[in-house]
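Please examine the structure shown below before attempting the exercises. Each task is followed by a worked solution.

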Amino acid sequence: MNFLCQHEAIEALEHLSSSNRHSLLIEGVPGCGKSYLASQYAHMLNISDIQFVNPTVQAVKDALDACMRLTSPMVLVIENLDTGVLAASYALLKFLEEPIPNRYAFLTTNNHSRMLDTIVSRCQMIHFKPIPKEYLVEQLKSFGVESDI
């Protein structure tokens, strides 16, 4: 699947991958491809160890513990952090404040204003646009699915 409708965001990701950016905050409406493009960014960095994490305190702590134990490069994609409990964000702060080489955090959110300012300030933010209806119909047709969305 391609995301040509997100070309500006993809260009930003390509630029950030060349600078080896440690933490990204990817904002956009549900279904716009945030998690998919976060995994593509990991591929741009040539990292195959990608862990998708729910925004619960225990899941974030477990993922950070795993990240500390491993010696190989790793990407944590914490999905919809704005929907999690506040304590999950606090668990993540030290990791963002004291980056570890070859460890990356990609946070997705539907609305960054519902997140801690300290999290937002420590991340490079990229905004994804909603996917146009015409694009979705075109993609479905390319898979042989007719739709009148």
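The exercises that follow concern a serine and a group of aromatic residues in this predicted model.

**Exercise 1.** Determine whether Ser-39 is buried or exposed, and describe its surroundings.

Solution.
- Step 1: Ser-39 belongs to helix H2, which spans residues 34–44.
- Step 2: Its relative accessible area is 12%. Buried means under 20%, so Ser-39 is buried.
- Step 3: A polar atom of the Ser-39 side chain lies 2.6 Å from the backbone oxygen of Tyr-36. The cut-off for a polar contact is 3.5 Å.
- Step 4: Leaving aside residues up to four places away in sequence, Ser-39 touches Ile-50 and Phe-52.

**Exercise 2.** State how many aromatic pairs there are, and classify the pair of Tyr-41 and Phe-106.

Solution.
- Step 1: The count is 2 aromatic pairs.
- Step 2: The rings of Tyr-41 and Phe-106 lie 4.9 Å apart, centre to centre, with 75° between the planes. Planes over 60 degrees apart count as edge-to-face, and this pair is edge-to-face.
- Step 3: Because Tyr-41 lies in helix H2 and Phe-106 in strand E4 (residues 103–109), the pair ties together parts that are 65 residues apart in sequence.

**Exercise 3.** Classify the pair of Tyr-104 and Phe-106, and state which residues form the aromatic cluster.

Solution.
- Step 1: Phe-106 is buried, at 0% relative accessible area. Its ring centre is 6.4 Å from that of Tyr-104, and the planes are at 10°, so the pair is stacked.
- Step 2: Tyr-104 is buried at 4%, and Tyr-41 is buried at 0%.
- Step 3: Tyr-41, Tyr-104 and Phe-106 together make up one aromatic cluster.

Note on methods:
Residues numbered from 1 in each chain as written. Predicted model: local features only at pLDDT ≥ 70, side-chain atom pairs only at ≥ 80, totals over all residues. Heavy atoms only, no water. Helix = DSSP H or I, 4+ residues; strand = E, 2+ residues; numbered from the N terminus. Buried < 20%, exposed > 50% of the residue type's maximum accessible area, 1.4 Å probe, protein only. Polar contact = N/O pair within 3.5 Å; in protein donor to acceptor, adjacent residues only side chain to side chain. Contact = heavy atoms within 4.5 Å. Phe/Tyr/Trp six-rings, centres within 6.5 Å; stacked < 30°, edge-to-face > 60°.
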